Amino acid sequence: MSQQIDSIKSYVLVFLSLIGLTLLTTGVAFVDLGAFNTVVALAIAASKMLLVILFFMQVRHSGGLVRVVILAGFFWFALLVAFTMSDYGTRSWTPTPVPWSSMAPPTHP
Amino acid sequence: MADHVNLEHATGMAHQFENLDQQQDADMLGIWLFLVTEIMFFGGVFASYAIYRWFYLPAFEGGSHILDIRLGATNTIVLLGSSLTMALSVRSAQTGNRRATVMFLILTMILGGAFLGIKGVEYHQKFVEHIVPSLDWAPEGKVLAELAPGGLQHAELYFIFYFAMTGLHALHMIIGMGLLLWLVLRARKGAFTPHYFAPVEVVGLYWHFVDIVWIFLFPLLYLIGGRY
Amino acid sequence: MTFLALFLFQSLPLQPEQASTIAQSVDHLYYFITLVTLFFTCLIFFLIFYFMIKYRRRSPGERPKAIEGSLPLEIMWTAIPTLIVAIIFIWSGRLYFQNSVAPPGSMEIVVTGKQWMWKVEHPEGQREINELHVPLGRPVKLTMTSEDVIHDFYVPAFRVKKDVLPGRYTSLWFEPTKTGTFHLFCAQYCGAFHAGMIGSVVVMEPRAYERWLAGGVHGESPEAAGERVFKESGCSTCHLADGSGPGPSLNGLYGHSVKLSSGQTITADDAYIHESIVLPAAKIVEHYQPIMPSFQGQLTEEQILNLIAYVRSLGSVTGKQ
Amino acid sequence: MSTALLEPRVQAPRNYLNAEYGWKSWLFTLDHKRIALLYMVSITVFFLIGASFAALMRIQLLSPQGELVQPETYNKLFTLHGIVMIFFFLIPSIPAVLGNFLVPLMVGARDLAFPKLNLLSWYIYVVGGLFTLFAAIAGGVDTGWTFYTPYSSTYSNTQVTAVAVGVFITGFSSILTGLNFIVTIHKMRAPGLTWFRMPLFLWAMYATSLIMILGTPVLAITIFLLAIEHLFHVGIFSPALGGDPLLFQHLFWFYSHPAVYIMILPSMGVVSEIIACFSRKRIFGYRVVAFSSVAIAVLGFLVWGHHMFVTGQSVYAGLVFSLLSFLVAIPSAIKVFNWTSTLYKGSISYDAPMLYALGFIGLFTMGGLTGLFLASLATDVHLNGTYFIVAHFHYIMVGGAVMGYLGGMHFWWPKISGRLYPNGWAAFAAVIIFIGFNLTFFPQFVLGYLGMPRRYAFYPAEFQVLNVMSTAGASVLGVGYLIPLIYFIWSMRYGPVAPKNPWGATGLEWQTASPPTTENFAEIPVVTQEAYAYSEAEQEVNLG
């Protein structure tokens, strides 16, 4: 499918940048960024994924249909997370039943 | 019908296709669709993990501090290395260099084995520390101190997801190793030519996908909340 | 044929009683959707039969003229259904939103679903099994939780239903408008006798309700009340005197030391017993499994205190630890 | 169904049935047509098993106390009825039988893209089926086909794990079938067969395959987590460890609602083919009907929350899911209007397939419209968990999907077996099924509105009259289903030999012999005309 054949150098270059990103994400974990830690970790992981998909999996050379298929896959995963969160996230908006007399609040929202 | 059959053996083209390009396109679309089903398969457990982590962050942070970050990082690098050797084996199959294909495939299997070995060490560590949910869940000493603040129940939930996700990933690795072995045997017999190397590319894509799953597993499981 | 139909529909109620404030408005919405359904079903059936007869094949070789389609028609039968559906959505969404929040000052009642029975507790401590007595004309808010699996508190006559989940509270409210006895069903499958987990909601005149309430159980010693709650809540099924059940024995426990599965040793005091009732998994006695369900929200503080009094009375009984 | 039966009286030309003989030629075949027949036999077996469970349930409900079986056994009956009918009959029925047989023929290819994968799908289906049958024999499972936790994971001591493994394995059969169809439709269309010249059956199979690919894996992981929880008593979904039972329901319904579109979309494709052929007219608004299939498949993934309106889901999520559930009804309505307008100014003949198709339109309309009661929040609070829901989904599944499957079987039976069936009996069976069906399930709408909950082994006496009517209807429906089984088997031996195109239909599959040769086409056909070219002008070109 991908008639162009990338040079070994380009593969090694991608590999080294992946190693770099791994060390980066491990290093950032030792810095206290509060909630941002997760965001940064996921951003680095996403960029590593893009590197692997575009270079190692040759999606750079492949046709539009394959790209649509990949995007559909991630979009459907996002649907699952988004709509499930739409329930969990908004559950506490309407007044949850005030517990009867002095009971402790429910174990989780 | 007969000429189709020996055509298949000669160039590896199946009878239902008109030409090799059509078969190659079909194979690529087929594996990518399979990888989409794998995205949704892992997606289910990642979504559940995300929701419970959002509920019980302190317990999950406690659990993640127990994991050995050095082993996790080395495992990531080992798996990235196996992805490199896999990509190089696909490249050498494309260029018709049979010896290099076999060599890189074997290298990929060695790195895959190393990853599973390190994973085995980590699992053993969990059994030693008695933090295996339901089978041997009795954390004590320093481990208990780490887990207690977030609530023991919810820490057990973290380790359920730890074992479920890394276990599923390891299972996919083992299947990948089996496929690589099958490829090595066929490559040695010279089954792959620059015109017909689809099996190597298909297993390569599967292997890269398993690597991507680990790329997300490592930060999500090992690096929650940071190590300060 | 019409006589038979009349007879059938006389003996067959087509609609449950309307016995709560929201029953009327839910039924109006129900009638509207029924009309929409009847209209479109008859339209489609009529069109099919009409076309089948008018355009039946006259001769074998007959070739009708090709008709590609018509955009205006397509737009019409996309817009009209969307409009109707939007009306239903807004109407039902508003109704649902109003019905989801209990009016302030409603009477608070705690309902506990347990495999195959409903346990109801009035604020005054009055307890009932599979029965719920409520006064006419006052909004009643139920705070519900389950001790084991998911159940569902469903009173068709009030048009209210809410699942009852273990480990958290769900609530529903209604305001009865008619006295009488109405069906109470469990509408979420919960095991062998799911079909038996039914009961009745009895709506009484306010005065009759006060008399019923006064006649209830009162004037009981804490230990006796504790012992009754101990049996009623099913504690006795696990905490056997000799400790052979799934739960540890409570004889000679109070004031003595207890070795936990985590290796720690603590003395069994009021706080430990209270926590073991509300958050059992927090401290597990050695060699026992963490299977005790949480009684959070099912036992009033008063009842937990009675239970502690009862366990304290067992402290002096020298039984196997 | 041994092939010896098919010894035609006169020496028939070579075709896929008499190309080879012996059980090896069936169990190791790579021919999509033979695999379709393997599926046909296995899903018929499962249909009979599921139907017998339904019969026992209906007899149990004849009397309010329910004397036939113990409540525990009744719970196992309705659970296994649900599991067998949904996972082992409805989901595979049209995609695996008619889809496997027709997709390569309609696309103009010699076989599906991955024949070995296709045979593997059938074996995966059979292995999953054996696990479930083993579980049924070894004590059954009583959690309902929905497996709600924490009952299924902690409180039920029946064969939950065995059934979970069975359903887990069978899920991959429909994933691989979906994958096969998508690749075949994308990459192996005959020259000239553009997307908008494809028959609408292929559009429906394409949309169904999208759902199979994107939805089924989530069911697999959910059932996998449930099996872990049941086996190791860990608390992923049970509140003892802080798990949330609603998360299981979210993950379960994320697949299971699109699954109901997996069951109905193929029938819509079949009905489009039949209506066009028997009114000899192109489907009214071809592109709109084609896009509505894909729209249903995509929107189908956004609506699962309407199963959880009363489970303590947040009110706002309820509003979102209710609105989206209403929107997913629109494409279905558009399809019904387009089918009906196809009849306008057509030349309609009342062969058996047409009767099933018209029956489908009527019953599917009622089934779809009663969905409005359940998408609207206020009425769903009253109707959720009652017999109204049972009636609604049976109108769609039995009234829609099964009528579509029978219509498709009657329409393509000459192509599949090379034989014609008795038209009189077929029409009679269609009418019996239509009457029996309505008598069975319409009373359940009233039962539901009266508040009778579902899954009850015994019920208050006031509901008895309607239940007796429903059981009476069920017996008529049962007889109605046996008749086609009989005359189909009869026709394989004694039925008149079918011509190439008995109904004068358009489509590449009608240009092959009846039954087709193993490689389908001598050489790959070239498509020059639009789909459903029935009108005067297009007739000279069409060989039919």
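Which domains does the domain assignment of chain C give? Load the model, bearing in mind that this is a predicted one, and select chain C to find out. The assignment splits off domain 1 at 107–214 and domain 2 at 222–315. Colour the two ranges separately and look at where they touch: seven residues of domain 1 of chain C take part in the contact, together with five residues of domain 2 of chain C. On the domain 1 side of that contact, chain C puts forward one nonpolar residue, four polar ones and two charged ones.

**Next stop: the sheet in chain C**

Stay on chain C and show the strands. You'll find an open, five-stranded sheet with mixed pairing, running in the order E3-E2-E1-E5-E8 (chain C). Select 127–129 and 170–174 of chain C, which are strands E3 and E8: these are the edge strands, each with a single partner strand, so one side of each has no neighbour in the sheet. From one strand to the next, the twist averages 25°.

Now pick out residues 117–121 of chain C, strand E2, alongside E3(C). The two pair in the antiparallel sense, over three bridges. To see one end residue of E2(C) at work, click Glu121(C): its bridge partner in E3(C) is Arg127(C).

**Over to chain B**

Hide chain C and bring up chain B. Its secondary structure comes to eight helices and two strands, and walking along the sequence you pass them as α-α-α-α-α-β-β-α-α-α. The C-alpha atoms of chain B fill a box of roughly 70 × 30 × 30 Å along the principal axes. Of its 228 residues, 51% count as buried. If you draw the contacts of chain B with a separation of 6 or more, 77% of them link residues 24 or more positions apart.

For a close-up, select residues 57–66 of chain B, helix H3. What is buried here? Ala59(B), Phe60(B), Gly62(B), Gly63(B) and Ser64(B) are. Add 20–55, 141–147, 152–188 and 198–222 of chain B to the view: these are helices H2, H6, H7 and H8, against which the buried residues of H3(B) pack.

**Last stop: where chain D meets chain A**

Show chains D and A together. Chain D brings 15 residues to the contact, and chain A brings 14. On the chain D side, select helices H7 (200–232), H8 (245–278) and H10 (315–343), each of which supplies at least two residues. Which helix gives the most to this side of chain D? That's H10(D), with four residues. Colour the chain D side by residue type and you'll get nine nonpolar, six polar and no charged residues.

Technical notes
Residues are numbered from 1 along each chain as its sequence is written. Chains are lettered from A and ligands numbered from 1 in the order in which they are written. This is a predicted model: local features need pLDDT of at least 70, side-chain atom pairs count only at pLDDT 80 or more; totals for chains, interfaces and linings use all residues. Domain bounds come from an automatic or database domain assignment. Ala, Val, Leu, Ile, Met, Phe, Trp, Tyr, Cys and Pro count as nonpolar, Asp, Glu, Lys and Arg as charged, and the others, Gly among them, as polar. A residue is buried if 20 or more other C-beta atoms lie within 10 Å of its own, exposed if 12 or fewer, and partly exposed in between; C-beta atoms are placed from the backbone. Two strands pair if DSSP finds at least two bridges between them. Axes are lines fitted to C-alpha atoms, for helices over the stretch in contact, and angles run from 0 to 180 degrees between N-to-C directions.
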